[in-house]
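Dear colleague,

Please find below the structure that I am handing over to you. My notes on what was found in it follow directly after.

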Amino acid sequence: MKLLVTGGAGFIGSAVCREIITHTDHSVVNLDKLTYAANLASLDPVSSDPRYRFVQLDICDRLGLDAVFNAERPDAILHLAAESHVDRSINGPAEFIHTNILGTYTLLEAARDYRDGLPSSKRDSFRLLHVSTDEVFGALGEEGLFTETTSYDPTSPYSASKASSDHLVRAWNHTYEFPSLISNCSNNYGPYHFPEKLIPLVITNAVDEKPLPVYGKGANVRDWLYVEDHARALLTILSKGRIGESYNVGGRNERTNLQVVEGICAHLDKLKPRNAGGQYADLIEYVEDRPGHDYRYAIDASKMETELDWRAQETFDTGLEKTVRWYLAREDWWRPLREKKYDGERLGVLKQNAG
């Protein structure tokens, strides 16, 4: 097949492109706007393969999408293009509304017109997988898991925009019989992750002997999913999932934020002892919590495991060690990002009104 991947220069999207070229016979068209978090260097392992092609385009550009569909004639779409950082959505929600909601609508309409024009054999097999997040479900207490039937309860501008896009995809499936599927994943981590998110931020700060910020008391809990496990899951859903269904993808690796940071520090202590002596955990610094910070997310991946025979291969400990080793070995990839695009400054803090 020829697969169109939107957002393929981002963290998860680039992992999907690498998975397609490395482990399948499919070809891929990577469509990406190239925002601050996109990085074509993440595609270096596959960019020279004749089955890979890159197109720079905003998914809100309907004429551009029509041209790509007509030129490339994809057999299926993996839709990952999105603004994704909660802290940035707090400070600037407009981009999240524009890309995640309007962009998804524009893509759905372009894809629907394209599919309607296909011969019946191609039309019947065409499908779109919309890649979403567990954050659309809101927060959990001490117990319980998100399932595919959990009610939506988004609490940040980011999660609200993703919930909106999920609803659009379901509506197009129901109203127009457009062949779509939805996945909702837990927190991803791994190589090629832009260093604004917790794990790459802590690793790169530690290498530079900078403070390791932990929100609040570090008690917030997330389920962690190694990005290459997620890429395999998405291709599994695309090929084997049932049209109109949603699938929760999780690693069954719940950790508090503090446990995550302490785990990174423990790996670094073994792999790259501090020049100044002491332990990396000495650099941990508790900072003001994120506004409206959801307490706990946890995914029930039973549907993926039983229906589609997918399971995460990495435990959190094995995946975290691989991630730390990768960042230590690939300073050439992340150092320019820290110097030119994001130096680790705190995001998502609300400004207090004077007076």
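**Charges over aromatic rings**

In this model, Arg222 places its charged end over the ring of Tyr297, at 3.9 Å from the ring's centre. Please bear in mind throughout that the model is predicted. A second arginine is placed in a comparable way: Arg88 lies over the face of Tyr36, and here the distance to the ring centre is 4.0 Å.

**Aromatic pairs**

Rings were also examined against one another, with centres within 6.5 Å taken as a pair. By this rule there are 19 aromatic pairs. One of them joins Phe126 and Phe178 in an edge-to-face arrangement, with 6.3 Å from centre to centre and 65° between the planes. This pair links distant parts of the chain, since its two members are 52 residues apart. Phe126 belongs to the loop between α5 (120-125) and β5 (127-133), while Phe178 belongs to the loop between α6 (157-176) and β6 (180-185). Are these two residues, Phe126 and Phe178, buried or exposed? Both Phe126 and Phe178 are buried. They are also members of one aromatic cluster, which is formed by Phe69, Tyr114, Phe126 and Phe178.

Phe69 appears again in a distance to a residue of helix α4. Asp113 is found in that helix, which covers residues 94-116. The C-alpha atoms of Asp113 and Phe69 are 9.7 Å apart in space, with their positions 44 residues apart in sequence. Asp113 has a relative accessibility of 43% and therefore counts as partly exposed.

**Strand β5**

Val131 has its place in strand β5. Its relative accessibility is 7%, so Val131 counts as buried. Which residues is Val131 in contact with, leaving aside its neighbours within four places in sequence? They are His79, Leu80, Lys162, Ser183, His230 and Leu234. For Val131 and Thr35, which are 96 residues apart along the chain, the C-alpha atoms are separated by 18 Å.

**The crossing of α7 and α11**

Helix α7 (residues 198-207) and helix α11 (residues 316-329) have axes that come within 10 Å of each other and cross at roughly 45°. An angle of this value is neither under 35 degrees nor in the range of 65 to 115, and α7 and α11 are therefore oblique to each other. The crossing in which α7 passes α11 is right-handed. On the α7 side, the residues that meet the other helix are Ile199, Pro200, Ile203, Thr204 and Val207. On the α11 side, they are Phe316, Leu320, Thr323, Val324, Tyr327 and Leu328.

**Two residues with positive phi**

Finally, I would draw your attention to two backbone positions. Glu177 is not a glycine, yet it has a positive phi of about 55°. Glu177 lies in the loop between α6 and β6, the loop that also holds Phe178. With a relative accessibility of 64%, Glu177 counts as exposed, whereas Phe178 is buried.

Arg252 likewise has a positive phi of about 55° without being a glycine. Where is Arg252 placed? Its place is in the loop between β10 (246-249) and β11 (254-256). At 43% relative accessibility, Arg252 counts as partly exposed.

With kind regards

Conventions. Residues are numbered from 1 along each chain as its sequence is written. This is a predicted model: local features need pLDDT of at least 70, side-chain atom pairs count only at pLDDT 80 or more; totals for chains, interfaces and linings use all residues. Side-chain values use heavy atoms; hydrogens and water are left out. Rings of Phe, Tyr and Trp (its six-membered ring) pair if their centres lie within 6.5 Å; planes under 30 degrees apart count as stacked, over 60 as edge-to-face and the rest as tilted. Helices (H or I, at least four residues) and strands (E, at least two) are DSSP runs, numbered from the N terminus. Buried means under 20% relative accessible area, exposed over 50%, partly exposed in between (1.4 Å probe, protein chains only). A charge sits over a ring if NZ of Lys or CZ of Arg is within 6 Å of the ring centre and within 35 degrees of the ring normal. Axes are lines fitted to C-alpha atoms, for helices over the stretch in contact, and angles run from 0 to 180 degrees between N-to-C directions. Angles under 35 degrees count as roughly parallel, over 145 as roughly antiparallel, 65 to 115 as roughly perpendicular and the rest as oblique. A crossing is left-handed if the near helix is turned anticlockwise from the far one by less than a right angle, and right-handed if clockwise. Contact means heavy atoms within 4.5 Å.
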